[in-house]
Amino acid sequence: MKFDVLTLFPEQIKTNICESITGRAVKKGVISLNAVNIRDFCTNSYGKIDDTVYGGGTGLLIYSEPVYNCWKSLFEKEEDRPYTVYVSPKGSVLNQKKAIELSKKKRVCIICGHYEGIDSRVIDTICDEEISIGDYVLTGGELAACVIIDSVSRMIDGVLPNEDAFTNESHMGGVLEAPSYTMPSNWNGMAVPDVLLSGNDAAIEEHRRIASLVETWVKRPDMLDKIEVTESEWQKMLAMRRTL
């Protein structure tokens with residue numbers, strides 16, 4: 001899968017993505033990263049990228065033309081046009097469902113605003129959607145772009161060791177992941193549940209299913225409204241929660 005990022009700070013994107021798991025994926029060619037500097041497409045001779053906002057207001061706004069020219073440089077034929085996302089606090093909030101949807105695209109272009117953002121006309125012209133990573137405002141879109149790339153990349157074949165590395169994690173099935181433990185089996189008086197030491201795969205799987213529901217109930221009860229929980233599961237959840 002190919003990621004294009006249109007930004008004023010391409011090195012910030014490369015520094016974050018070309019490390020750790022995503023960095024190894026880039027080196028293996030499983031994903032590719034093309035971070036392009038919007039400033040290189042300025043139409044003036046002095047590299048001015050922004051100006052004051054019509055109607056007044058604080059801050060500067062990036063011109064439409066360099067963003068458009070930068071985006072157009074990515075492809076020659078319309079069929080090669082990348083799926084284009086603008087990272088913005090106005091967008092729909094990124095969730096696992098959206099990450100899965102984006103992971104099925106062949107090529108995704110992410111546009112990063114800065115200062116007060118980008119002239120709305122070019123965003124309306126070239127973007128397929130706007131995405132936010134939360135209900136807060138950042139100084140620029142670069143960190144948000146990296147979050148999107150990371151969340152999408154991990155579901156692409158070859159990035160993680162196998163599918164289980166992401167399918168059993170929080171949010172994948174609409175619930176949070178069950179609590180996890182490692183050595184020692186008793187730490188500061190807190191013992192690992194006996195069933196996890198039993199070697200009984202069926203019992204362990206059932207425990208983790210109920211534990212994930214309890215974890216969701218305690219930490220994100222709003223998520224339970226979106227899934228079906230049977231009466232039997234509720235009874236097991238109640239019993240488990242009484243032991244916490």
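**Exercise 1. In this predicted model, find which residues of helix α2 (residues 20-28) are buried, and work out why they lie on the same side of α2.**

Solution, step by step.

- Begin with the burial list for α2: Thr 22, Gly 23 and Ala 25 are buried. Here, buried stands for under 20% relative accessible area.
- Next, look down the axis. These residues lie on the same side of α2 because they cover an arc of only 160 degrees around the axis.
- Now turn to the other side of α2, where Ser 20, Arg 24, Lys 27 and Lys 28 are exposed. The cut-off for exposed is over 50%.
- Then ask what covers the buried residues of α2: the cover includes α1 (10-17) and α6.
- Finish at the end of the helix. Just after α2 comes Gly 29, with a positive phi of about 85 degrees.

**Exercise 2. Trace the open sheet of five strands and state its order, its edges and its twist.**

Solution, step by step.

- Walk across the open sheet: the order is β2-β1-β6-β5-β7, and the pairing is parallel.
- Mark the edges. Strands β2 (32-37) and β7 (129-132) each pair on one side only, and they are the edge strands.
- Add the twist, which averages 35 degrees from one strand to the next.
- Zoom in on one pair. Strands β5 (residues 83-93) and β6 (residues 107-112) run parallel and are joined by five bridges.
- For a concrete landmark, select Tyr 86; its bridge partner in β6 is Ile 111.

**Exercise 3. Place helices α3 and α6 on the strands they lie across, and give the angle of each to β1.**

Solution, step by step.

- Take α3 (residues 64-72): this helix lies across β1 (2-7), β2, β5 and β6. Its direction makes about 160 degrees with β1.
- Take α6 (residues 142-153): this helix lies across β1, β2, β5, β6 and β7. Its angle to β1 is about 175 degrees.
- Link back to Exercise 1: α6 is also among the elements covering the buried residues of α2.

**Exercise 4. Compare the chain's radius of gyration with that of a compact globule, and describe the chain as a whole.**

Solution, step by step.

- Count the elements: the chain has ten helices and nine strands.
- Compare the radii. For 244 residues, a compact globule would come near 18 Å, but the chain has 23 Å.
- Check the dimensions: the C-alpha trace spans about 70 × 45 × 40 Å along its principal axes.
- Consider burial, which applies to 40% of the 244 residues.
- Close with the surface: about 14400 Å² is exposed, and carbon and sulfur atoms supply 50% of it.

Conventions
Residues numbered from 1 in each chain as written. Predicted model: local features only at pLDDT ≥ 70, side-chain atom pairs only at ≥ 80, totals over all residues. Heavy atoms only, no water. Pairing = 2+ DSSP bridges. Helix = DSSP H or I, 4+ residues; strand = E, 2+ residues; numbered from the N terminus. Axes fitted to C-alpha atoms, helices over the stretch in contact; angles between N-to-C directions. Contact = heavy atoms within 4.5 Å. Rg over C-alpha atoms; globule rule 2.2 N^0.38 Å. Buried < 20%, exposed > 50% of the residue type's maximum accessible area, 1.4 Å probe, protein only. Areas by Shrake-Rupley, 256 points an atom, 1.4 Å probe, with all protein chains shown as cover. Arc of directions from axis to C-beta.
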